[in-house]
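Work through the exercises below with the sequence and the coordinates open beside you. Each task is followed by a solution that goes step by step.

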Amino acid sequence: MVNNTEKIILGVDPGTRFMGYGVILVQRNEIKVLQYGVINVSKYSTQEIKLKKIYERIISVIEEFMPDEMAIEAPFFGKNVQSMLKLGRAQGVVMAAALSREIPIVEYSPKTVKQSVTGNGNASKEQVAHMLDQLLKMKLDAKMFDATDALGIAVCHHFHGNSIMATNKGTKKGWGAFVNENPERIK
């Protein structure tokens with residue numbers, strides 16, 4: 001049972017070819033990495049199979065670590081509509097996996113994550129990874145930017161407060177908060 005001084009956060013950097021994830025344990029404001037990695041679905045031929053594999057892997061991470069909360073990178077607006085649709089589907093599958101296990105979700109923009117981790121909202125992936133090395137007191141695999149981005153998202157969530165459910169109006173509201181505030185809209 002997790003108490004108030006301990007929390008497990010799953011961070012996810014959604015992608016349609018490579019999806020990063022990072023699991024951290026926060027105890028009395030100390031952060032420990034439990035696991036981080038990349039889900040590689042580029043080898044699968046159809047979007048449906050990719051989505052199924054993403055769902056299955058995220059469920060297995062959830063079942064292994066039982067996170068209290070999930071933080072996910074919010075969608076950004078790109079010029080390629082097809083790419084945005086595919087990314088939105090991948091993000092939706094991850095969110096569905098968390099919601100199926102009643103894990104509250106919050107989204108952070110890429111700029112917010114970079115600002116929280118490095119102090120610079122325009123930081124490069126390399127700068128985020130380097131700062132995470134310092135914050136987490138460990139050398140992360142420099143080639144796994146999707147995974148280090150996911151750890152950054154989890155760390156960002158930790159830096160932004162204690163609980164998703166303790167948010168004020170207009171701030172840090174995620175899908176979990178929406179579900180709790182609108183039970184009549186869920187079928």
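**Exercise 1.** In this predicted model, determine how many bridges join strand E4 to E5 and in which sense the two strands run.

*Solution.* Begin with strand E4, residues 69-73, which is joined to E5 by 4 bridges, the two strands running parallel. Within this pairing, Ala 71 stands opposite Val 106 in E5. Next turn to E1, which pairs with E4 in the parallel sense, again over 4 bridges, and here Gly 11 is the residue that stands opposite Ala 71. Ala 71 thus faces Val 106 in E5 and Gly 11 in the pairing of E1 with E4.

**Exercise 2.** Place these strands in the whole sheet, giving the strand order and the edge strands.

*Solution.* The sheet is open and consists of 5 strands in the order E3-E2-E1-E4-E5, with mixed pairing. Its edge strands are E3 (30-40) and E5 (105-108), each of which pairs on one side only. From one strand to the next, the twist averages 20°. As for what lies over the sheet, helix H2 (residues 81-100) lies across strand E1 (6-13), strand E2 (18-27), E4 and E5, and runs at about 175° to E4.

**Exercise 3.** Decide whether the two faces of E4 are covered or open, and then examine Glu 73 with its contacts.

*Solution.* First count the residues of E4: 5 of its 5 are buried, so that the strand is mostly covered. Then separate them by face, which puts Glu 69, Ala 71 and Glu 73 on one side and Met 70 and Ile 72 on the other, with both sets buried. Glu 73, which is located in strand E4, has a relative accessible area of 13%, and because burial requires a value under 20%, Glu 73 counts as buried. Leaving out residues up to four places away in sequence, Glu 73 touches Val 12, Asp 13, Pro 14, Gln 91, Tyr 108, Pro 110 and Ile 153. Finally, the UniProt record, an unreviewed entry, places the feature "binding site" at Glu 73.

**Exercise 4.** Characterise helix H5 by its span and its burial, and state what follows the helix.

*Solution.* Helix H5 (residues 145-159) has 15 residues, and the distance from its first C-alpha to its last is 20 Å, close to the 21 Å expected at 1.5 Å a residue. The helix is mostly covered, with 12 of its 15 residues buried, among them Leu 151, Ile 153, Val 155 and His 158. His 158, with a relative accessible area of 14%, is buried because this value falls under the 20% limit. Beyond its neighbours within four places in sequence, His 158 is in contact with Ile 9, Val 26, Asn 29 and Ile 31. H5 is followed by Gly 161, which has a positive phi, near 135°.

**Exercise 5.** At what angle do H3 and H5 pack, and which residues meet between them?

*Solution.* Helix H3 (residues 110-118) packs against H5 at an angle of about 75°, and the two axes are 9 Å apart. Because angles of 65 to 115 degrees count as roughly perpendicular, H3 and H5 are roughly perpendicular to each other. On the H3 side the residues involved are Thr 112, Val 113, Ser 116 and Val 117, which meet Gly 152, Ile 153, Cys 156 and Phe 159 in H5. Ile 153 also links this exercise to the third one, since Ile 153 is one of the residues that Glu 73 touches.

Terms used:
Residues are numbered from 1 along each chain as its sequence is written. This is a predicted model: local features need pLDDT of at least 70, side-chain atom pairs count only at pLDDT 80 or more; totals for chains, interfaces and linings use all residues. Side-chain values use heavy atoms; hydrogens and water are left out. Two strands pair if DSSP finds at least two bridges between them. Axes are lines fitted to C-alpha atoms, for helices over the stretch in contact, and angles run from 0 to 180 degrees between N-to-C directions. Contact means heavy atoms within 4.5 Å. UniProt positions are given in the numbering used here, feature names are shortened, and annotations may be inferred rather than shown by experiment. Buried means under 20% relative accessible area, exposed over 50%, partly exposed in between (1.4 Å probe, protein chains only). The expected span of a helix is 1.5 Å times one less than its number of residues. Angles under 35 degrees count as roughly parallel, over 145 as roughly antiparallel, 65 to 115 as roughly perpendicular and the rest as oblique.
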